[in-house]
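Please open the model in your viewer and keep the sequence beside it. The tour below proposes one selection after another and says what is to be found at each stop.

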Amino acid sequence: AGVTAKGFGGPVPVQVLFDSQGRPKRVYILDNSETPSYLDIVTGSDLMQRLVAFDPAKPDSVDAVTMATKSSRALIEGVTQLSLRAAHDIVANRDSGSH
């Protein structure tokens, strides 16, 4: 975890907890340089819940939050990248016979 995408005020690193199927269960916003007022708009919206329901096969299924577009896109990009990495790791472990 910890993929960083650039928001309005700077990098917005995230940490995502996944279930065994690679589905996001919880998204944490780590220490960042983002403009607090924009991040407040994002966290006050339903974006975090939509990210937990995120389908990595449909990365465009989550829309940015109005008035905080760069901040929310940074979170969406971070979760997307981590979801793709988790999916890759799950497939790699299955292919190698690891459980």
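The stops run from the whole chain to a pair of helices and then to single residues in loops.

Begin with the whole chain in a cartoon view, bearing in mind that this is a predicted model. The chain holds 3 helices and 3 strands, and if you trace it along the sequence you will meet them in the pattern β-β-β-α-α-α. Of its 99 residues, 35% count as buried. Among the contacts between residues at least 6 apart in sequence, 54% join residues that are at least 24 apart.

Next, select helix 3, residues 69–96. Helix 3 has 28 residues and reaches 40 Å from its first C-alpha to its last, which is close to the 40 Å expected at 1.5 Å a residue. Now show the side chains of its buried residues, among them Leu75, Ile76, Val79, Leu82, Ala86 and Ile90. What do the buried residues of helix 3 pack against? If you add the neighbouring elements to the view, you will find strand 1 (4–6), strand 2 (11–18), strand 3 (24–29), helix 1 and helix 2 (47–52) as their partners.

Keep helix 3 in view and add helix 1, residues 36–43. Two packed helices are described by the angle between their axes and the distance between the axes. Here the angle is about 60 degrees and the axes lie 8 Å apart; the two helices are therefore oblique to each other, and their crossing is right-handed. To see the contact itself, select Tyr38, Leu39 and Val42 of helix 1 together with Ser71, Ser72 and Leu75 of helix 3. The residues of this contact divide into 4 nonpolar, 2 polar and no charged.

Move on to Met67, in the loop between helix 2 and helix 3. Most residues other than glycine have a negative phi. Met67, however, has a phi near 75 degrees, a positive value in a residue other than glycine. Is Met67 buried or exposed? Its relative accessibility is 64%, so Met67 counts as exposed.

Finish at Arg23, in the loop between strand 2 and strand 3. With a relative accessible area of 46%, Arg23 is partly exposed. Leaving aside neighbours within four places in sequence, Arg23 is in contact with Leu17 and Phe18. As a last step, select Ala87 as well: Arg23 and Ala87 are 64 residues apart in sequence, and their C-alpha atoms are 8.6 Å apart in space.

How values were computed:
Residues are numbered from 1 along each chain as its sequence is written. This is a predicted model: local features need pLDDT of at least 70, side-chain atom pairs count only at pLDDT 80 or more; totals for chains, interfaces and linings use all residues. Side-chain values use heavy atoms; hydrogens and water are left out. Axes are lines fitted to C-alpha atoms, for helices over the stretch in contact, and angles run from 0 to 180 degrees between N-to-C directions. Helices (H or I, at least four residues) and strands (E, at least two) are DSSP runs, numbered from the N terminus. Angles under 35 degrees count as roughly parallel, over 145 as roughly antiparallel, 65 to 115 as roughly perpendicular and the rest as oblique. A crossing is left-handed if the near helix is turned anticlockwise from the far one by less than a right angle, and right-handed if clockwise. Contact means heavy atoms within 4.5 Å. Ala, Val, Leu, Ile, Met, Phe, Trp, Tyr, Cys and Pro count as nonpolar, Asp, Glu, Lys and Arg as charged, and the others, Gly among them, as polar. The expected span of a helix is 1.5 Å times one less than its number of residues. Buried means under 20% relative accessible area, exposed over 50%, partly exposed in between (1.4 Å probe, protein chains only).
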